[in-house]
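Trainee: I would like a close look at one helix of this protein and at what packs against it. Please take it step by step.

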Amino acid sequence: KQWYQRRVRGENLSPNGGGLPSGDLLAAINAEFGSFDDFVAKMSAATVGIQGSGWGWLGLDASKKRLAIATCANQDPLHATTGLVPLLGIDVWEHAYYLQYKNVRPEYVKAIWDVVNWKDVAARYASALS
């Protein structure tokens, strides 16, 4: 389960990432959260608020075709614990950020938006819908 989460994270991030998603994914984010900025604020707050180690997730409730933000403690997998299909994962285990950000998790989460590979997230979204 941990290997899958790490694979998603690795594909979700790119040095050429950042910016805004587009198309159906952006429309779904705006419909569910009000705006992209509101989504980033809500997901960042949920992720920073994890006690100890874990993951912040943007997932899809495939039966309702709705996006949701969720958190999982430790290495608990998103789908098995919530039923959501993982689209975007933010790893907040200390090893993910400690060397660069020390114990300042909010700065790490703020910076991660600059490297999100929205093409990968959009592809996961489209695949989960079909």
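Mentor: What follows looks at helix α2, its partners and the core around it, with some context first.

The model is predicted. The protein has 7 helices and 3 strands, and along the sequence these run in the pattern α-α-α-β-β-α-β-α-α-α. Of the 130 residues, 42% are buried. The accessible surface is about 6800 Å², and carbon and sulfur atoms account for 52% of that surface. Among contacts between residues at least 6 apart in sequence, 66% join residues at least 24 apart.

Now to the helix itself. Helix α2 covers residues 23-33, and helix α3 covers residues 36-48. Their axes come within 8 Å and cross at roughly 70°. An angle of 65 to 115 degrees counts as roughly perpendicular, and α2 and α3 are therefore roughly perpendicular to each other. On the α2 side the contact is made by Leu-26, Ile-29, Asn-30 and Phe-33, which meet Phe-36, Asp-38, Phe-39 and Lys-42 of α3. Sorted by class, this contact of α2 with α3 holds 5 nonpolar, 1 polar and 2 charged residues.

Helix α2 also packs against α7, at an angle of about 80° and with the axes 8 Å apart. This pair, α2 and α7, is therefore roughly perpendicular as well. Here Asp-24, Leu-25, Ala-28 and Ile-29 of α2 meet Trp-118, Val-121, Ala-122 and Tyr-125 of α7. The contact of α2 with α7 divides into 7 nonpolar residues, no polar ones and 1 charged. Ile-29 is listed in the contact with α3 and again in the contact with α7.

Leu-25 is a useful residue to follow. It sits in helix α2 and has a relative accessible area of 2%. Buried means under 20%, so Leu-25 is buried. Leaving aside neighbours within four places in sequence, Leu-25 is in contact with Leu-67, Trp-118, Val-121, Ala-122 and Tyr-125. Leu-25 and Tyr-125 are 100 residues apart along the chain, yet their C-alpha atoms are separated by 6.9 Å.

The next step is the core. In soluble globular proteins, nonpolar side chains tend to be buried together. The largest nonpolar core in this model has 26 residues. Those with the most contacts inside this core are Ile-29, Phe-39, Leu-58, Leu-67, Leu-88, Trp-113 and Trp-118. Two or more residues each come from α2, α3, β1, β3 (85-91), α6 (105-112) and α7 (118-129). Helix α2 gives the largest share of this core, 5 residues.

Leu-88 shows how parts of the chain come together in this region. Setting aside neighbours within four places in sequence, Leu-88 is in contact with Asn-12, Phe-39, Met-43, Gly-56, Trp-57, Leu-58, Trp-113, Val-116, Trp-118 and Val-121. Apart from the largest core lies another core, of 6 residues, including Trp-55, Trp-57, Cys-72 and Leu-84.

One backbone detail remains, outside α2. Lys-65 lies in the loop between β1 (54-61) and β2 (66-73). Lys-65 has a positive phi of about 55°, although it is not a glycine.

To return to the helix you asked about: α2 is roughly perpendicular to α3 and to α7, and it supplies 5 residues to the largest nonpolar core.

Technical notes
Residues are numbered from 1 along each chain as its sequence is written. Side-chain values use heavy atoms; hydrogens and water are left out. Helices (H or I, at least four residues) and strands (E, at least two) are DSSP runs, numbered from the N terminus. Buried means under 20% relative accessible area, exposed over 50%, partly exposed in between (1.4 Å probe, protein chains only). Contact means heavy atoms within 4.5 Å. Accessible areas come from the Shrake-Rupley method with a 1.4 Å probe; for residues, only the protein chains shown count as cover. Axes are lines fitted to C-alpha atoms, for helices over the stretch in contact, and angles run from 0 to 180 degrees between N-to-C directions. Angles under 35 degrees count as roughly parallel, over 145 as roughly antiparallel, 65 to 115 as roughly perpendicular and the rest as oblique. Ala, Val, Leu, Ile, Met, Phe, Trp, Tyr, Cys and Pro count as nonpolar, Asp, Glu, Lys and Arg as charged, and the others, Gly among them, as polar. A nonpolar core is a set of buried Ala, Val, Leu, Ile, Met, Phe, Trp, Tyr and Cys residues joined through side-chain atoms within 4.5 Å.
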